Amino acid sequence: FRNLHARRSAMSNRRRAHALIFAGSIIFAFLLQLTPLPLALAAFKPYWLALVMIYWAIEAPHRVGLGFAFLIGLGGDLLIGQVLGEQALRLVVLVFIVLRFRSRLRFFPIGQQSLAVLALLLNDRMVVMMIRGFAGDPMPPLDFWVAPVVGMLAWPFVFLLLDDLRARIRAKPT
């Protein structure tokens, strides 16, 4: 009976640790989005929230759905002060595509995953242009397209960091 109780307790602790990593990574992505950069470097800031949502949509699709992406996007809109619903729409489109192609993305080597992330982030930029075009904003400058490339370069680090945190929890003895 003690062994069963110890196993249940260990599983419960792992679930809590996974939930903490999940929530912590999203909160950290929000903080990175809010971090101000000098005007000269602002174009190089990747869409951190998208990178974290891509990771969780690939690795834990049961946690990340379209509704969750919408709520996280609304939270991002409120935090950053953008048009309400812009990030929500962007993240829903992004998560939909990732969930649709998850079975393929999951088994890509990290280099191919990085290229897929670049395609996803470029698609996100197209969605931004569409939203802002409907709002009557002018065409963005050329440096608007730099952030997806930086996101692609950051992807291996984001993936490996979150994967390592999850692996450490799995490896803990029961």
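Before you click on anything, one cut-off: a residue counts as buried when its relative accessible area is under 20%. Keep that in mind, because at 4% Glu-86 falls on the buried side. We'll come back to Glu-86 further on. Also, what you have open is a predicted model.

**Stop 1: the whole chain**

Start with a cartoon view and colour by secondary structure. You should find 7 helices and 0 strands. Walking from the N terminus, the order reads α-α-α-α-α-α-α. Turn the model along its principal axes, and the C-alpha atoms fit a box of roughly 70 × 35 × 35 Å.

Now switch on a surface. The chain exposes about 10300 Å², with carbon and sulfur atoms supplying 70% of that area. Of the 174 residues, 37% are buried. Looking at contacts with a separation of 6 or more, 67% are between residues 24 or more positions apart.

**Stop 2: the nonpolar core**

Hide the surface and select Ile-26, Leu-49, Met-53, Ile-54, Trp-56, Leu-91 and Trp-155 as sticks. These are the residues with the most contacts inside the largest nonpolar core, a set of 35 residues. Which elements give two or more residues to this core? They are helix 1 (2–34), helix 2 (48–59), helix 3 (66–80), helix 4 (86–100), helix 6 (110–134) and helix 7 (146–171). Colour helix 2 separately, since that's the one to follow here: helix 2 gives the most to the core, with 10 residues.

Now centre on Leu-49 and show its neighbours. Leaving aside residues up to four places away in sequence, Leu-49 touches Ile-26, Ala-29, Phe-30, Gln-33, Ile-72, Gln-87 and Leu-91.

**Stop 3: Gln-87**

One of those neighbours of Leu-49 is Gln-87, so hop over to it. Gln-87 sits in helix 4. Is Gln-87 buried or exposed? It is buried, because its relative accessibility is 1%. Display what surrounds it: outside the residues up to four places away in sequence, Gln-87 is in touch with Tyr-47, Leu-49, Gly-73, Gly-76, Asp-77, Ile-80 and Gln-82.

**Stop 4: a salt bridge between helices 2 and 7**

Time for charges. The structure holds 6 salt bridges. For one of them, select Glu-59 and Arg-166, whose closest N and O atoms are 3.3 Å apart. Glu-59 belongs to helix 2 and Arg-166 to helix 7, so this pair ties together parts that are 107 residues apart in sequence. Try the pair with the surface back on: both Glu-59 and Arg-166 are buried.

**Stop 5: the Arg-90 network**

Next, select Arg-90 and Glu-86. Their side chains meet in a salt bridge, 3.7 Å from N to O. Both residues lie in helix 4, 4 residues apart, which is about one turn of the helix. Glu-86, at a relative accessible area of 4%, is the buried residue from the start of the tour. Arg-90 counts as buried too, because its relative accessibility is 8%.

Leave Arg-90 on screen and add Asp-124. Here the closest N and O atoms of the salt bridge are 2.8 Å apart. This pair links distant parts of the chain, with Asp-124 in helix 6 and Arg-90 in helix 4, 34 residues apart. Asp-124 is buried as well, at a relative accessible area of 5%. Finally, add Arg-132 to the selection: salt bridges that share partners join Glu-86, Arg-90, Asp-124 and Arg-132 into one network.

**Stop 6: out to the surface**

Bring the surface back and select Ile-27, Phe-28, Leu-31, Leu-34, Leu-79 and Ile-80. Together these residues make a nonpolar surface patch of about 560 Å². The elements giving two or more residues to the patch are helix 1 and helix 3. Where does the largest share of the nonpolar patch come from? It comes from helix 1, with 4 residues. Leu-31 is a handy residue to click on there, as it lies in helix 1.

**Last stop: Ala-116**

Move to Ala-116, in helix 6. Ala-116 counts as buried, because its relative accessibility is 16%. Draw a distance from its C-alpha to that of Leu-105: the two residues are 11 residues apart in sequence and 7.6 Å apart in space.

Terms used: Residues are numbered from 1 along each chain as its sequence is written. This is a predicted model: local features need pLDDT of at least 70, side-chain atom pairs count only at pLDDT 80 or more; totals for chains, interfaces and linings use all residues. Side-chain values use heavy atoms; hydrogens and water are left out. A nonpolar core is a set of buried Ala, Val, Leu, Ile, Met, Phe, Trp, Tyr and Cys residues joined through side-chain atoms within 4.5 Å. Buried means under 20% relative accessible area, exposed over 50%, partly exposed in between (1.4 Å probe, protein chains only). Contact means heavy atoms within 4.5 Å. Patches are made of residues with over 30% relative accessible area and no salt bridge: like charges are joined within 9 Å, nonpolar side chains (Val, Leu, Ile, Met, Phe, Trp, Tyr) within 5 Å. Accessible areas come from the Shrake-Rupley method with a 1.4 Å probe; for residues, only the protein chains shown count as cover. A salt bridge is a side-chain nitrogen of Lys or Arg within 4 Å of a carboxyl oxygen of Asp or Glu.
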